[in-house]
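User: I would like to learn how to read the surroundings of a bound ligand in a structural model. Could you take me through it step by step?

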Amino acid sequence: MIHARIIGTGSYAPKKVLTNHDIEKMVETSDDWIVERTGIRERRVCEKGQTTSDLAYEAGHKAIKAAGIAAQDIDLIIVGTLTPDTAMPSTACVLQSKLHAKKAAAFDVYAACSGFLYGISIADAFIKSGMYTTILVVGAEALSRFTDWEDRTTCVLFGDGAGAAVLQRHAGKRGVLSTHLHSDGNFGDLLHIPAGGAAHPATADTVERRQHYIKMKGNETFKVAVRALEEVVEEALTHNKVKPEEIDLLIPHQANLRIIQAMAKRLNMPMEKVMLTIHKYGNTSAASIPMALDEAVREGKVKDNDLLLLEAFGGGLTWASALIRW
Ligand code: COA
């Protein structure tokens, strides 16, 4: 049986820390409110001049090293991001150049917070089809550049960072067992950046009206997220005939501690089996799962043959799961 196996992970968070107390000085909010509603205590933000591809490079480089391969061995680079360096070229192409991954094809996946799992799914399909052998999947975001630092309903939530995984063809039982991807564009306006695309190109007016920043109807998004995640997790378990108690580690997208706790409760899973990074990084969108995965690996929380359940939800709307035999 051919599987796409993760043979190396890496992650990177910018050095600059922004605490809730720092944000208290910027907008009408409090550390208590942010911690109670989200579980976030601090987040990292890019230094001036640092871009999404810089973060992706750091994470990607570490993943390649951990995998024990050379950048030239990579056939394909997939970057999940909603904060690309530029509209063109793709951040994946910028990364391909920075890594000197000479033979790699490269493209971005635009699925917001589900971007990394969409990338894993694509990599899995390419590897199973025989088209590629070694694929680098990265989730990288410079959300601070798209955050309205005058809007307290969103600016407390997001952070910057990147995580990466090298997947390779494996003739055996370990690797990606399943992925499930979903979307519902009818809910697009719950979480969006109104201007800067073909619908509303940048003008002085769009800038004046702060239309280039992330807008979110948090409460409505919350409700849809809980329902969609429950369904996608159920789907993964049923498809693989796996019981919740067989899961060794849940690695959820880190958007809100209450959403994560609701999922753990639903699965009857103790919080010790759930990876949490939200307190220190906030919501890093496509980067959150690979950052948490890399941390789990580095902390020795993942052992050979463990069963890992990854789940994500984000703008689009998009949601997804991946079940992995480590
Ligand atoms: N500080 C203090 N008060 C704030 C605030 C802040 N940073 N942001 C909003 N508030 C206020 C609101 O104005 C509102 O006040 P009102 O009752 O006087 O109108 C009150 O707090 C409650 O706002 P609400 O939006 O209902 O809070 P919430 O409990 O839903 O929490 C989120 C807000 C954003 C934390 C939460 O909805 C959430 O996490 N949503 C889902 C995020 C998500 O999953 N996104 C998808 C993946 S990226």
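Analyst: Let us begin with the site itself: a pocket is an open set of grid points where a 1.4 Å probe fits, with protein on both sides within 12 Å along at least five of seven lines, and a molecule sits in a pocket if more than half of its atoms lie within 2 Å of its grid points. In this model, which is predicted, the ligand sits in the second largest pocket.

User: Which residues come nearest to the ligand?

Analyst: A residue counts as near if one of its heavy atoms lies within 4 Å of the molecule. Here 23 residues surround the ligand, and T29, R37, R152, N219 and N256 come nearest. By class, this shell has ten nonpolar, nine polar and four charged residues.

User: Which polar contacts do side chains make with the ligand, and at what distances?

Analyst: A polar contact is a pair of N or O atoms within 3.5 Å. An oxygen atom of the ligand lies 2.6 Å from a side-chain N or O atom of N256, while for R37 the corresponding distance is 2.8 Å and for N219 it is 2.9 Å. Taken alone, the ligand exposes 970 Å², of which the protein buries 74%.

User: Which helix gives the most to the shell, and which domains does the shell draw on?

Analyst: Helix 8 gives the most, with four residues; helix 2 (31-38), helix 6 (152-155), helix 8 (218-240) and helix 9 (257-266) each supply at least two. As for domains, at least three shell residues come from each of domain 1 (2-172) and domain 2 (177-325).

Methods:
Residues are numbered from 1 along each chain as its sequence is written. This is a predicted model: local features need pLDDT of at least 70, side-chain atom pairs count only at pLDDT 80 or more; totals for chains, interfaces and linings use all residues. Side-chain values use heavy atoms; hydrogens and water are left out. A polar contact is a pair of N or O atoms within 3.5 Å; within protein, one must be able to donate a hydrogen and the other to accept it, and residues adjacent in sequence count only if both atoms are side-chain atoms. Accessible areas come from the Shrake-Rupley method with a 1.4 Å probe; for residues, only the protein chains shown count as cover. On a 1 Å grid over the protein atoms alone, a cavity is a set of points where a 1.4 Å probe fits but cannot get out, and a pocket is an open set with protein on both sides within 12 Å along at least five of seven lines; lining residues have an atom within 4 Å of a point. Ala, Val, Leu, Ile, Met, Phe, Trp, Tyr, Cys and Pro count as nonpolar, Asp, Glu, Lys and Arg as charged, and the others, Gly among them, as polar. Domain bounds come from an automatic or database domain assignment.
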